[in-house]
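Reader: I should like to learn how the contacts between the parts of a multi-chain model are read. Please give the general idea each time, and then the case at hand.

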Amino acid sequence: MRSATETIVVPKRKVERRAVPPRSKLRQYLPFYLSIAPYYVVFLAFGIIPIVFSIYLAFQRWDGIGRMQFVGLSNFVLALTDPVFGKAVLNTFLIWIMSTIPMLFLALILAFFLDQRQRSKFAYQVCYFLPNITSVVAITLIFNSLFGPQYGLINLTLTALHLPAVQWLTGSWAMKWAISIMVIWRWTGYNALVYMAGLQSIPVEVYEAGRIDGASTIDIFFRITLPLLRPVILFTVISSTIGGLSLFTEPQVLLGNNGGVGNEGLTMSLYQYWQAFASYHFGYGAAVSWIIFFIILAFTLLNWKIIQRGQN
Amino acid sequence: MIHIVPTQPGAWHGHRRSFLGVCLLLPLLLLSLASCGLQSSNNTGGKISLTLWYWNNSIDDNVIKAVSQHFPNIVLNAQKISDYDTKVRTSMAGHHDVPDIMGINANISTYFPDEDQFVDLRQLGADQVKSQYLGWKWNLGIAPDGKQIGFPMDTGPTALFYRPDIFAQAGLPTDPQAVAARIKTWDDYLQAGVQLKAATHGKSYMIDSTNTIFTQMMAQSPTLFFDRANHYLGDQAHIRQMWNEAVKANTLGVTAKVQSSTQAWNEAVSNGLIASFAGAVWMKQSLEQSAPNTAGKWRVAPAPGGAGNNGGSFLAVTTACQYPKEAFAVIQWLQSPANQLLGYKDLQLFPSAISDLNNPGMHQPEAFFGREDTTTIFAQSARQVPLSYYGPENDIVGGAFTDQLNLVEFQKKNPDQAWNTAQQEAQRELLR
Amino acid sequence: MVEYGPRYKRWIVDLILLIGLLASIFPFYWMIVMATNTTSDIYRLPPKLIFGSYLLTNVAHVLQNISFWSNFLNTAFVACTVTVLQLFFCSLAGFTFAKFDFPLKNPLFVLLLGTMMLPSAGSLVALFVIMADLGWIGTFLPLIVPSMVTAFGIFWMRQYALGAIPNELIEAGRVDGMGHLRLYWHVAVPALRPALGYLGILSFITAWNDYLWPLIVLINPKLYTLQVALAQLNGVYSTDYSMVMAGTLMATIPLIIIFFLGARQFIANLSAGAVKA
C-alpha cells in the first residue's frame, strides 16, 4: 500500500545561485491572484446579478410572470411572524441534530474501519456511494414503501420482533426520525469516502511509530488519526451544516411540499420552496431565502469557531 | 525521507509544453464545443412552425403525430415538459422561448392574473364551437373579466367508488343505482358509515379521510373560496357547512384516517380497510395500479351530494404566438370530439365534448369494476356539474383548510380552533 | 498494513461494515427489482423483492419514448466538460489558498465560503434572462460555464491541500526556480490525487444528475440531458413506474462506471506518483 520512501520525480535543473532581483509586489503575487480569479469572475458574471435580483425581489410581491408590486418590509415581517416558518426553523435544527451528528460519527468510524481493510475495500467504497447516485424518484418510491404503516418493511420487521409499529409518516416525532434515517442513509457513505480520501494523506510511518510505542487501535484513532484529519473534518462539518440546514429533498419526497401533517417535517428550505414555487409567492419566497441565509451563516460561523478552537 | 530523483534533462520541456497546452487548449476546446447549438427557426420551408408544450399523458401522442397530416402547412413541434408550471413561469418571466400553444392543468385560475400573456380565444372564433362542449367546463377557461384563455381538454367528473362485498356485510345495497338511492346526501353517507363500522367491527371504514369529504364537497359546490370580484368567501356559511360535514365524519369515527395519495392509502384500499371513497374518474387508474389484487371487487355509483368535478385541463394560445389563427385551428382539431374520443381510448382522458359522452365507443364493461360500465356514471356526473368559479388563490387558501383538517383528524386538534387557524392562515396567504 | 486487534474485534468491525454495505445497497437493489417488474407489481403489498422478467420490455418502452442515446451523449459531454474544468480550476485555487500567502487572502476566502451559503432559489429567472441576453439559450454553455468552478470544490481542495502537500516539497521546487503553475503541476497535483479523484466523481455525478436548471435552459429536445428526458416520462395522474425505473437504471449505470474509473485511478492505490513524506 504505502511505502516509506515514495519518490517524486522532480525535473533536474542546474541550481543557479545568482541573485534574484526583487520583483514588484504585484508581479510576485500575480500568479496567486490569477489562480483564484476564475471563481470570482464566474461569480461576478453569474452569481451577482441573481443575488441582486433576489434582494430586490424580497421587497416585492410577484407571482412569477406579471408585474411586481412593491411591498416594503412586509414580506420579512410576515415571515418572521409566521408560526409555520418558526416551526420550519425548529424542525430544521431538530432534524439536523438527529441526523447530521450521528451521520458524521458513523462516517468517520466506517472510514477508519474500511481504510484498514485489505480485501474488497473497493467494492465497499462503490456500495457506500450508491445512495448518493440512486435517483430521487427511486428513493421516493422505496422509502415511502419502507415506511408504510402496515406493509412497510420497517414496520413488518418491528412487529415480527414484537415491537410496536411506528406511524412514520403521520406521527410528529416519527416523521422527523423518518427524515433523519433517510439523511443518514444517503450521506454517510459520501462522507465516509471524504474521510477515506483524507486518511490517504496520513503517512504509514506515523501509525507504525504509534504501534511501536504500544498504542491500541483506539489510541491511534484519537491521538493520531483525528488530529491529522482535522482539516477534512472541518470540511465535512461545514458542508454538512450548510447541507443539513438547507435540507429539502428528503422531507419533500417523503411528506410533500407542506412537510406533512402539522408541518412536522417541514424544513426551512422546503418552506421556501413551498411558498415560492408551489404557491407562486416569489417575492415572499425571496425574503424567506434571505432570512434562511442569515440563519445558516450565523450557525456555520458558530460551528467553524468551535472546531477552530479545538484545533488550538 | 524525501528522495528527489532527477530525470533526464529535456524531459521537463516536454512536460511543460504538454501541460501548458492542456491548460490552455482543453478548456477552450470544450467551451467552443459547448457553444455549438441548435437554433430553432420559425419558418421551415414555407411552412408555419408552432411549438406546443404539454405534460406526459395529457394529450394523445398519436393525435399529435396526425397534426401534420391534417394541416399540411403546419409543423407542430410538440414538447413534453416536466415541472410544468416552473418552466412556464420562468420562460414567460424571461420573455424567451415561450411556446405558441400550451396545456394548462386544473390550476388554470392561477394564470388569471397574467391573462395578458394569453390570446382571447373568443377573438379567434371559439364561440362557434362552444355548444359542442360542456358548459361548466367551457366556463372554467374564462377569466373574471370575460376573456377566454383556456379551451377545454379533459375533465374529472366525480363519483363514488365502493366495495359491494363490504357494503353487503353492513346491510347496505350493492347495486349502483340502489346505492345512489340509499346514499343521496353526505349525511346519508356518514350514517351509512356508522352502520358499516359497526358491522365490520372497525375492520373497514366508509371513507379514507376527512379531507376527501371536504374536497369532494368542494368539487360539487357552485361557490368556492372566492367570487369573480376576488372577494374572500372562506369564512362564509357554505364553506363552514362543508367543514362541519368533514369534521362530523371524524367525530363519528367513520374515516380510516388514511390520507389519499400516500403509500398508506395504497395499503388501505388493497386490504379492505377503506370500503369506499368519492373521487374523480382518473382515480380509476390510481386504484388499478395501487390495488391490483382487488380487481373485480369495486363498483362505481353516483356520489353523495350530486355531480362534481375535480381536475381536468385546457389548451391555451400565448401572445408570443405569431400565428394565432393557425394555432387555434390546431387546438380546435386536437380537441375535436373525435380526437377526444381517441384520447379516452388511449389514455383514459375523459372528454369534455358532449357528443362523446353518449358515444358507444366510450361504454364497455370493465373487468376491474365487475364488468360495470362506469362511464355511464361518470358521464352522468359530467353532464350535471354546476357552474363555478375558482379564484387564483383558491388552491392555496384551500390548502390551509385541508392542513387544519389533517390536524383535527390525526392530532386531535379542536375543530373550532382549527377553523380559526385556517382562517388566519388563509389571510396570511393572501398577504404574501 | 496496520494490524488491528485480536480476532474478535475484527469481526465486529467486519459486521459493522457489512451492515453499512447492505443498507446502502438495498434501495438500489430494490430499484432494479422495480425495473424488472411491472408497475402493478411495484404497488403489491407486501412488496415484491425479487427480480421479474420485464426488464427488456421496460427498456424497450424507454427507448420508444425518449431518444435515450442522444440524451446520454449530451449528458456525458456536459458532465465530462464540467468535471475537467472544475478539477483544474478548483485544485489550482485550493492549492493557492492553502499554501501561499498574499494580501487579502483571508477575506477573499471567507467571502468564498459566504457565497456557499447564499440562497440559490429565486435566481432561476434572473439567470435565465442573463443566458437569454447572452444568446446562450439553445447551447450547452448555460450548463457548463456557471459550474466550471465552485466554492465547494475550492474549499474541499484547500482543506485537503493543507494536510497533504508538504511544505518542503514546495520549498524544494521554489529553489529549483519553478513558477506557480509548475509547482501546481509537479508538486500539488500528485499530492492531491485522492482529493481530485473524489471531487471528480462528485462533480461528474452532480452534473449528471442536474435536473432543474437544464430543464429551464434547454429548449431544443435534441439537446435534452438524460434527467430532463427521463422526467418527461412522469405523468400527472398516473406513471408507468417500472418503465421510469428502467430508464433511471440505465441512466445510473454510467455513474457507477465513472466511480469505478475515478476511484481506481485516484482513491485506490497507485505506486507511482503518490506523495508521502
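**Interfaces between chains and domains**

Author: Between chain C and chain A about 8800 Å² is buried, and carbon and sulfur atoms give 77% of that area. Buried area is the accessible area (1.4 Å probe) that two parts lose on being put together, summed over both. This is a predicted model, in which local features need pLDDT of at least 70 and side-chain atom pairs count only at pLDDT 80 or more, while totals for chains, interfaces and linings use all residues. Residues are numbered from 1 along each chain as its sequence is written, chains are lettered from A and ligands numbered from 1 in the order in which they are written, and side-chain values use heavy atoms, with hydrogens and water left out.

Reader: Which elements give two or more residues to the side of chain C that touches chain A?

Author: Helices (H or I, at least four residues) and strands (E, at least two) are DSSP runs, numbered from the N terminus. In chain C the elements are helices H1 (7–35), H4 (68–99), H5 (105–116), H6 (124–134), H8 (151–164), H9 (167–175), H11 (193–209) and H14 (241–267). H1(C) gives the most, with 16 residues. By class, this side of chain C has 76 nonpolar, 17 polar and seven charged residues; Ala, Val, Leu, Ile, Met, Phe, Trp, Tyr, Cys and Pro count as nonpolar, Asp, Glu, Lys and Arg as charged, and the others, Gly among them, as polar.

Reader: How many residues of chain C are in contact with chain A, and how many salt bridges are counted between these chains?

Author: Contact means heavy atoms within 4.5 Å, and 100 residues of chain C are in contact with 87 residues of chain A. A salt bridge requires a side-chain nitrogen of Lys or Arg within 4 Å of a carboxyl oxygen of Asp or Glu; the count between chain C and chain A is zero. A polar contact is a pair of N or O atoms within 3.5 Å; within protein, one must be able to donate a hydrogen and the other to accept it, and residues adjacent in sequence count only if both atoms are side-chain atoms. Nine residue pairs are in polar contact across this interface, both residues being at pLDDT 80 or more.

Reader: How is the interface of chain B and chain C composed?

Author: The size of an interface is often given as the accessible area lost when the parts come together. For chain B and chain C the buried area is about 4300 Å², with 67% from carbon and sulfur atoms. Here 48 residues of chain B are in contact with 50 residues of chain C. The rule finds zero salt bridges and nine residue pairs in polar contact. Elements giving two or more residues on the side of chain B include helix H1 (11–34) and strand S4 (74–80). H1(B) gives the most, with twelve residues. This side of chain B divides into 19 nonpolar, 22 polar and seven charged residues.

Reader: How is an aromatic pair between chains read?

Author: A pair of aromatic rings is described by the distance of the centres and the angle of the planes. Rings of Phe, Tyr and Trp (its six-membered ring) pair if their centres lie within 6.5 Å; planes under 30 degrees apart count as stacked, over 60 as edge-to-face and the rest as tilted. The count over all chains is 78 aromatic pairs. A:Trp304 and C:Phe155 are stacked because their ring centres are 6.3 Å apart and their planes are at 25 degrees. This pair crosses between chains, from A:Trp304 in helix H12 (residues 282–311) of chain A to C:Phe155 in helix H8 of chain C.
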